[in-house]
Amino acid sequence: MTAGAGLQVGGAEREALREKLRALGFDEVRFAAAGAEAGAGLRDWLAAGMHGDMAWMERTAEKRAAANLVLPGVRSVILLGVNYWSDPPSPSPGAAARQAEDRPVWARYAQHEDYHDTMKSGLEAAGRVLEEMGGITAADYRYYVDTGPVLERGWAARSGLGFRGKNAMLISKKHGNWLFLASILTRLEIAPDEPLRKKPAADGAEPAGLLCGKCTRCLDACPTDAFPAPGVVDARRCISYQTIENKGIIPPELRAGIGTHVYGCDICLEVCPWNRFAQAGRHLLLAARHDLAELTLPELLELTPARFAEVFRRTAIKRLKLTGLLRNACVVAGNAGGANLLPALVKLAAHESAVVRAHAVWAVRKIAGARAEELLRSVRQAETDATVLSEYSCSGGL
């Protein structure tokens with residue numbers, strides 16, 4: 001293919017490009033025209049403050065709505081999907097019995113080495129394919145893995161890779177809810193793929209909503225009521241946001257809903273009926289870390305900086321930092337309620353981080369009840385932080 005930037009690429013050449021990109025390890029390759037905005041509703045969502053503390057989304061809102069502001073002269077968006085669904089490994093002897101007691105829950109995607117890193121090699125190779133087949137240079141394309149000012153889900157829906165479900169996630173008819181998305185903006189003009197079409201109702205009219213039909217399983221299952229409307233997530237109430245993006249205090253009224261989720265949450269993905277079609281992907285651009293699911297809650301509560309760096313090196317969890325993971329582990333401990341966790345939690349109530357101390361105090365009070373005052377007496381005497389002190393007297397969330 002020697003199209004050159006700006007020349008239409010279609011037919012057999014487009015399919016040859018698709019196959020070359022798939023051969024790099026991407027399970028899905030779709031094309032969309034970049035001529036129109038893909039950010040409908042983004043401004044209203046931001047104006048309502050549903051992005052929480054993710055100020056970077058506000059700073060890049062204009063670019064997210066118009067791809068030409070990211071790459072001037074862009075004509076096409078290539079959407080690449082990597083299926084990260086897999087059957088969990090069989091538990092070790094006795095692990096199943098211990099799971100309910102001391103095993104925190106990790107988001108499925110987090111049980112891999114950081115996908116931003118492992119997918120990068122595939123994107124670099126994809127760029128070389130575009131240069132070779134399209135007769136362009138590196139200046140004629142830009143690629144991102146969930147890190148640039150690009151609304152991947154919007155473009156993916158436009159390309160027919162999937163549709164946006166009531167859980168606000170991209171849902172694939174083939175892969176269910178389990179796709180990592182990457183995008184390449186390019187000045188090549190590639191014939192776009194067709195989006196998925198809604199099936200008309202009996203009277204010929206298009207049904208309201210998306211391809212979820214009347215199903216509301218994801219909305220009903222959310223333990224923190226993070227969906228003010230179908231397809232809209234209020235990040236401030238989302239377990240994933242609170243355990244990953246929020247770097248400070250988790251609101252007391254949301255802590256019980258977090259349950260045993262120590263990093264992220266898949267509830268609204270897992271309950272989706274479309275997952276019945278999901279099959280394991282090729283995993284050519286992934287590196288599984290199923291060992292993380294074997295970590296016990298006591299082990300997390302006793303993490304040291306050195307141990308944290310050793311265990312979570314090359315994973316997405318490393319960006320949470322030790323204080324964030326300890327905070328989350330304290331919430332999980334408070335919800336799990338095991339008295340055997342109290343010694344570690346009392347120790348964390350004297351941690352150097354006020355954020356960790358606050359959640360440790362909450363957990364001790366939730367588990368120990370009337371005994372908490374006695375257990376925490378010595379560390380409370382040394383406490384000066386107002387936020388932590390409020391946890392000693394606050395009854396909210398307990």
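**Figure 1. Arg43 and Glu62 form a salt bridge in this predicted model.** The closest approach of the two side chains is 3.3 Å, N to O. Arg43 sits in helix H2, residues 42–47, and Glu62 in helix H4, residues 61–65, so the pair ties together parts that are 19 residues apart in sequence. Arg43 is partly exposed, with 39% relative accessibility. Glu62 is partly exposed too, at 47%. The pair belongs to a wider set: the whole structure holds 17 salt bridges. Side chains of opposite charge can pair when their charged atoms come close.

**Figure 2. Arg255 and Glu391 pair in a salt bridge.** Their closest N and O atoms are 2.9 Å apart. Distant parts of the chain are linked here: Arg255 belongs to helix H11 (residues 252–258), Glu391 to helix H19 (residues 386–393), and 136 residues separate them. Buried or exposed, where does Arg255 stand? Arg255 is buried, and its relative accessible area is 0%. Glu391 is buried as well, at 5%.

**Figure 3. Arg357 meets Glu383 in a salt bridge.** The N to O distance is 2.8 Å. Arg357 comes from helix H17 (residues 354–368), while Glu383 comes from the loop between helix H18 (372–381) and H19, so the bridge ties together parts 26 residues apart in sequence. Arg357 counts as buried at 12% relative accessibility. Glu383 is also buried, with a relative accessible area of 9%.

**Figure 4. Five residues share a network of salt bridges.** The linked residues are Arg14, Glu15, Arg18, Arg30 and Asp193. Three of them are close in numbering: Arg14, Glu15 and Arg18.

**Figure 5. Helices H17 and H18 pack against each other.** The two axes come within 9 Å and cross at roughly 155°. An angle over 145 degrees counts as roughly antiparallel, so H17 is roughly antiparallel to H18. From H17, the contact uses Val361, Val364, Arg365 and Ala368. From H18, the contact uses Ala372, Leu375 and Leu376. How many of these residues are nonpolar, polar or charged? Six are nonpolar, none is polar and one is charged.

**Figure 6. Helix H15 is largely enclosed by the rest of the structure.** H15 covers residues 321–336, which makes 16 residues. At 1.5 Å a residue, the helix should span 22 Å. The C-alpha atoms at its ends are 23 Å apart, which agrees. Twelve of the 16 residues are buried, so the surrounding structure largely encloses H15. Among the buried residues are Leu322, Leu325, Leu326, Val331 and Val332. Arg327 and Asn328 are buried too. Gly337 follows just after H15 and takes a positive phi of about 80°.

**Figure 7. Ala168 and His283 have positive phi values.** Most residues other than glycine have a negative phi. Ala168 is not a glycine, yet its phi is positive, at about 70°. Its place is the loop between strand S6 (163–164) and strand S7 (170–171). Ala168 is buried, at 3% relative accessibility. His283 is not a glycine either, and has a positive phi of about 60°. His283 lies in the loop between helix H12 (267–270) and helix H13 (297–301). Unlike the buried Ala168, His283 is partly exposed, at 23% relative accessibility.

**Figure 8. Leu185 lies in strand S8 and is in contact with residues from other parts of the sequence.** Strand S8 runs over residues 179–186. Leu185 is buried, at 1% relative accessibility. Which residues is Leu185 in contact with, leaving aside its neighbours within four places in sequence? The list includes Ala67, Val70, Leu71 and Val74. It also includes Asp140, Tyr141, Arg142 and Val150. Tyr143 is 42 residues from Leu185 in sequence, but the two C-alpha atoms are 6.2 Å apart in space.

**Figure 9. The whole chain sets the close-ups in context.** The chain has 19 helices and ten strands. Of its 398 residues, 52% are buried. Take the contacts between residues at least 6 apart in sequence: 76% of them join residues at least 24 apart.

Definitions and conventions:
Residues are numbered from 1 along each chain as its sequence is written. Side-chain values use heavy atoms; hydrogens and water are left out. A salt bridge is a side-chain nitrogen of Lys or Arg within 4 Å of a carboxyl oxygen of Asp or Glu. Helices (H or I, at least four residues) and strands (E, at least two) are DSSP runs, numbered from the N terminus. Buried means under 20% relative accessible area, exposed over 50%, partly exposed in between (1.4 Å probe, protein chains only). Axes are lines fitted to C-alpha atoms, for helices over the stretch in contact, and angles run from 0 to 180 degrees between N-to-C directions. Angles under 35 degrees count as roughly parallel, over 145 as roughly antiparallel, 65 to 115 as roughly perpendicular and the rest as oblique. Contact means heavy atoms within 4.5 Å. Ala, Val, Leu, Ile, Met, Phe, Trp, Tyr, Cys and Pro count as nonpolar, Asp, Glu, Lys and Arg as charged, and the others, Gly among them, as polar. The expected span of a helix is 1.5 Å times one less than its number of residues.
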